[in-house]
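Here is a quick tour of one chain, from a few single residues out to the space inside. Keep the viewer open as you read.

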Amino acid sequence: MMNAQQVHMTLRQIMLMNFGFFGIQYSFGLQQSAVGPIYLFLNADAGQLPILNLAGPITGLIVQPIIGAMSDRTWVEGKGVFTGRRRPYFMWGAIGCSIALLLFPHVTALWMAVLMLWILDIANNTAMEPYRAFVADAMPTEQQNKGFLMQSMFTGLGAVLAYLSLPLFQKVISGQSDAGIPYWVYGSFYLGAVLSIGSVLVSVLSTPEPRLSEQEIAAIRAKPSGFVNALTDIAVAIKEMPKPLRFLALIYLFQWYALFIYWQFVALSVAQSAFGSTDVKSEAFQAAVAWNGYMGAFYNFITFLSAFGLMALTKKYAAKYVHAVALFCAAVGLMALPFIENKFMLFVPMLGMGVAWASIMGVPFLIAVAEVPKARYGVYMGIINMMIVIPMFIQTLTFGTIYDNLLGSNPANAIMMAGVMLGIAGILSLFIQTKQSPIK
């Protein structure tokens, strides 16, 4: 059902509105593909990778729900890109992200790289959360499957370019900094700085934010604003959270713990199985990092293609079944990945990863928006992100010990464990009880 400010959008309008996800997800793609190798270039131990990536879950846990709750209470009058309810937040987030990407490759010590990741994650999370709420605000219910899955499409495209940029720049840029970071890494981060702010500007300039009614604006202004009141909103929303969202949190526990394992250890696993070396100073390892860039680009291209298929499937089948099958595809692929010695055959498991990533980035949000009131989209989008980052936080604190003591410090075992956990998440998805039904 549409409200007075929602109108049916053309495919072009939906694409322009979501184009900002291209730049935002390029940045996230770099975090997945380049930050781990940067840590290793700066002499980090592989067992330290989970704790060194603590910035992602902590900033997501804190920043997104607070920004979401604050944006629910915001309305900025006037003209320009910093007006509206959600736009002021994701515009400042995109600017911060661009600055952080420009500075990141210039780090000279491990502690500096960790600090830059914290800054980058704060900016990314500031941009991401209100952007999702912006799409939910603007689109009528019967088009929201297209809106969220269009986000998946641009997520795939942005990450494709992020992963591809590493091996492509490696071919044309040689040398390395005194700290040991190859100069081809610089090119990827500089490109991300341009795309982050550029793509968000395209969306903002082409898509006006739906104007609230005078009654809605009056209601927002009647509420106390600020940081403390945002925390109160979060606490109340968690207390009142619908049961399906609570069950979704359980699914996310296994799903996102697994994904964090994958991103941290896939380069080491590929280096071991297909390139015969886990020595981070070797040419073989650098070749494996570049090949992982191709693999990541491929699965994100599959994400781009899969988004269109998932749009059709969510019209015929309940979202929980679509999501479960997608997760099973990834689970099978990851359990097979460490046994593949031919580097070209490594692309086969990435088919499953691509389908799953398209679903992960779009389908659960269809479940969520059917369960919560429109006026609280912001805070609940932030809470959903808490469901994402809490498993990541648990993973950063626990998996180093698991890796060293239970998995024999073997990256192959880490990847297989990730596959098992995605399979468990898929099984759990079948049992979630929601209001969401196929969109006719």
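Which helix holds V270? V270 sits in helix α11, where helices (H or I, at least four residues) and strands (E, at least two) are DSSP runs numbered from the N terminus.

## Ground rules

This is a predicted model, so to speak of local features takes a pLDDT of at least 70, side-chain atom pairs count only at pLDDT 80 or more, and totals for chains, interfaces and linings use all residues. Residues are numbered from 1 along each chain as its sequence is written, and side-chain values use heavy atoms, with hydrogens and water left out.

## The chain as a whole

On the secondary structure side, the chain has 17 helices and 0 strands. Its radius of gyration is 21 Å, which agrees with the value near 22 Å for a compact globule of 440 residues; the radius is taken over C-alpha atoms, and the globule rule is 2.2 Å times the number of residues to the power 0.38. Along the principal axes, the C-alpha atoms fill a box of roughly 65 × 45 × 40 Å.

Of the 440 residues, 61% count as buried. Buried here means under 20% relative accessible area, exposed means over 50%, and partly exposed is in between (1.4 Å probe, protein chains only). The accessible surface comes to about 16,400 Å², and 69% of that belongs to carbon and sulfur atoms; the areas come from the Shrake-Rupley method with a 1.4 Å probe, and for residues only the protein chains shown count as cover. Take the contacts (heavy atoms within 4.5 Å) between residues at least 6 apart in sequence: 84% of them join residues at least 24 apart.

## Three buried residues

Back to V270, which counts as buried at 1% relative accessibility. Setting aside residues up to four places away in sequence, V270 touches F275, A288, M295 and L346. F339 is 69 residues away from V270 along the chain, and their C-alpha atoms are separated by 9.6 Å.

G147, in helix α7 (residues 144-172), is buried with a relative accessible area of 0%. Its contacts, leaving aside neighbours within four places in sequence, are I14, N18, V135 and M139. G147 and L366 are 219 residues apart in sequence, yet 9.7 Å apart in space, C-alpha to C-alpha. Over in helix α17 you'll find M421, which counts as buried at 11% relative accessibility. M421 is in contact with F254, Y257, A258 and I261, again leaving aside neighbours within four places in sequence. The C-alpha atoms of M421 and L327 are separated by 9.7 Å, with the two positions 94 residues apart along the chain.

## Two positive phi angles

Most residues other than glycine have a negative phi, and most peptide bonds are trans. N43 has a positive phi of about 75 degrees although it is not a glycine. Look for N43 in the loop between α2 and α3 (49-52), where it is exposed with a relative accessible area of 58%.

S409 is another non-glycine residue with a positive phi, near 55 degrees. The loop between α16 and α17 (411-429) is its place, and S409 is partly exposed, with a relative accessible area of 38%.

## The space inside

Rolling a probe the size of a water molecule over the atoms shows where empty space is left. How many cavities of 30 Å³ or more does the structure hold? There are 4 of them, a cavity being a set of points, on a 1 Å grid over the protein atoms alone, where a 1.4 Å probe fits but cannot get out. The largest has about 610 Å³ of space; grid points are joined across faces, edges and corners, and a volume is the space filled by probe spheres set on the points.

Lining residues have an atom within 4 Å of a point, and the largest cavity has 37 of them, with F28, Q32, F260, W263 and M392 nearest its centre. The elements giving two or more residues to this lining are α2 (20-41), α4 (55-72), α6 (110-138), α11 (243-274), α12 (283-316), α14 (347-360) and α16 (377-405). The largest share, 9 residues, comes from α2. By class, the lining has 22 nonpolar, 13 polar and 2 charged residues; Ala, Val, Leu, Ile, Met, Phe, Trp, Tyr, Cys and Pro count as nonpolar, Asp, Glu, Lys and Arg as charged, and the others, Gly among them, as polar.

How values were computed: On a 1 Å grid over the protein atoms alone, a cavity is a set of points where a 1.4 Å probe fits but cannot get out, and a pocket is an open set with protein on both sides within 12 Å along at least five of seven lines; lining residues have an atom within 4 Å of a point.
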